[in-house]
Amino acid sequence: MKQDLTKPERDRLFEAEFLPHIDALYNFASYLVHDDERAKDLLQETYLRAYKFINYYEKGTNAKAWLIRILKNTFINEYRKLSKQPQRVDLEETYQQIDDTESDAQNVDLRSEVYNALVGDEIMNAVNALPVDYRLIVLLCDVEGFKYDEIAQIIDVPIGTVRSRLHRARNMLKDKLKDYARKKGYDTDDNKGTENDK
Amino acid sequence: MNCTELLSMLQDFVDNELPGEQANELNKHLADCPECEKKRQAAMLYKQVMVSKMPRKNCAEGIKNGVHSAVAGYASTEA
C-alpha cells in the first residue's frame, strides 16, 4: 500500500531501516555477481530503487527481505539481458517441473572429513556453479538464514516450491562439493558414516 | 512416526520450519533410531558448514559513500 511521505520522512526511514543492511546487501550482491565492481553497481542500483519506491515500504516490517527482493529483481533483469536467457515464464515452468519431479529424491549426505577438507572459497565456487535460481535459494536460506515464507516472497514462488527447490539445490551443491573433495584426494564414500558416529 | 515420515520432514526440521508438535514427534523418533539420527546430524553439519565457511564481505566506506551520493543526487532532482 502506497503511503505519502515527505522528503524528511523518506530520508529518516531510509537511514533508519535501509542503510543498516548495507553490509549484508553488499555481501549478497558479491555472492551473486562474484565481481567487486558489478557488486558495487548492483548495490547502488538496489538502494537507488529502494529510495525511489520507499513510499511502498511499510515502516517496521522486514526491510532486509524487502531490499534483497529489489536486489534479486535487479540482478535477474541484468542477468537475463547478459545471458539472453529465455523469458521468465519459460524458466519458471521448467523449474517447477524439475522441482516437482525431484522433491522426493534422496538426500545427498557428506561426511565431516569431506567438509573439513574444503576451504571457504571452494564452497563458494561450488555455490556459484549452481544454476542461478538454485544459487539464490541456497544463499537465501543457508547463508542469510531467511525463513521459507520470506524466501517465497523474495523470489515470488509458493512455499512448496521453496521447499522442493531447496532440497534439489542442496543435493546439487553437495554433489559438487564431493567432486571438489575427490579431486583433492579425499575418499567421499558414503558408506563410512559421519564423524559423529564414531 | 516411521523413518519414511521422518525423512519427509527432516528438511523442515533442520530449518526450524516444523511446528512444535511435529518437531516433538520427530525428536522422539530420533531418540530411538540411530539411522535417522545420523541423517539429522549430516543435515545439520551441512548447515553449520555453510554458515561458518562461506566467506563474507563487508562494504567498504567508499562504496557506502557512493550509495549515499547516488541517493542524494536522485533526492535532490526530485525535490
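The following legends describe close-up views of a predicted model containing chain A and chain B.

**View 1. The overall fold of chain A is built from ten helices and zero strands.**
Read along the sequence, the elements of chain A succeed one another as α-α-α-α-α-α-α-α-α-α. Of the 198 residues in chain A, 51% are buried. Among the contacts in chain A with a separation of 6 or more, 76% join residues 24 or more positions apart.

**View 2. The interface between chain A and chain B buries about 3,900 Å².**
Carbon and sulfur atoms account for 60% of this buried area. In the interface, 50 residues of chain A are in contact with 34 residues of chain B. Between chain A and chain B, 17 residue pairs are in polar contact, counting pairs with both residues at pLDDT 80 or more. Seven helices of chain A are labelled in this view, as each gives two or more residues to the side that touches chain B: helix 1 (7–18), helix 2 (22–33), helix 3 (36–52), helix 6 (112–117), helix 7 (120–128), helix 8 (132–143) and helix 10 (159–183). The largest share of that side, eight residues, is supplied by helix 3 of chain A. Sorted by class, the side of chain A that touches chain B comprises 22 nonpolar, eleven polar and 17 charged residues.

**View 3. A salt bridge links Asp23(A) to Lys64(B) across the interface.**
The closest N and O atoms of Asp23(A) and Lys64(B) are 3.6 Å apart. In total, seven salt bridges are found across the interface of chain A and chain B.

**View 4. Helix 7 of chain A is mostly covered, with seven of its nine residues buried.**
The buried residues are Gly120(A), Glu122(A), Ile123(A), Met124(A), Ala126(A), Val127(A) and Asn128(A). Within chain A, the buried residues of helix 7 pack against helix 2, helix 6, helix 8 and helix 10. The buried residues of helix 7 of chain A also pack against helix 3 (34–53) of chain B.

**View 5. Glu122(A) is a residue of helix 7 of chain A.**
Glu122(A) counts as buried because its relative accessibility is 15%, below the 20% cut-off. A polar atom of the Glu122(A) side chain lies 2.8 Å from the backbone nitrogen of Val119(A). Leaving aside neighbours within four places in sequence, Glu122(A) is in contact with Ala117(A), Leu177(A), Tyr180(A) and Lys184(A).

**View 6. Cys3(B) and Cys36(B) are shown in a model with zero disulfides over all chains.**
For Cys3(B), which is in no disulfide, the nearest cysteine sulfur is that of Cys36(B), 3.7 Å away. Cys36(B) is likewise in no disulfide, and the nearest cysteine sulfur to Cys36(B), that of Cys33(B), is 3.6 Å away. These separations do not count as disulfides because the cut-off is 2.5 Å between sulfur atoms. Cys3(B) is partly exposed, with a relative accessible area of 35%, whereas Cys36(B) is buried, at 2% relative accessibility.

**View 7. Lys2(A) lies in the segment before helix 1 of chain A.**
Apart from neighbours within four places in sequence, Lys2(A) is in contact with Asn55(A) and Tyr56(A). Leu130(A) is 128 residues from Lys2(A) in sequence, and the two C-alpha atoms are 37 Å apart in space.

How values were computed: Residues are numbered from 1 along each chain as its sequence is written. Chains are lettered from A and ligands numbered from 1 in the order in which they are written. This is a predicted model: local features need pLDDT of at least 70, side-chain atom pairs count only at pLDDT 80 or more; totals for chains, interfaces and linings use all residues. Side-chain values use heavy atoms; hydrogens and water are left out. Contact means heavy atoms within 4.5 Å. Buried area is the accessible area (1.4 Å probe) that two parts lose on being put together, summed over both. A salt bridge is a side-chain nitrogen of Lys or Arg within 4 Å of a carboxyl oxygen of Asp or Glu. A polar contact is a pair of N or O atoms within 3.5 Å; within protein, one must be able to donate a hydrogen and the other to accept it, and residues adjacent in sequence count only if both atoms are side-chain atoms. Helices (H or I, at least four residues) and strands (E, at least two) are DSSP runs, numbered from the N terminus. Ala, Val, Leu, Ile, Met, Phe, Trp, Tyr, Cys and Pro count as nonpolar, Asp, Glu, Lys and Arg as charged, and the others, Gly among them, as polar. Buried means under 20% relative accessible area, exposed over 50%, partly exposed in between (1.4 Å probe, protein chains only).
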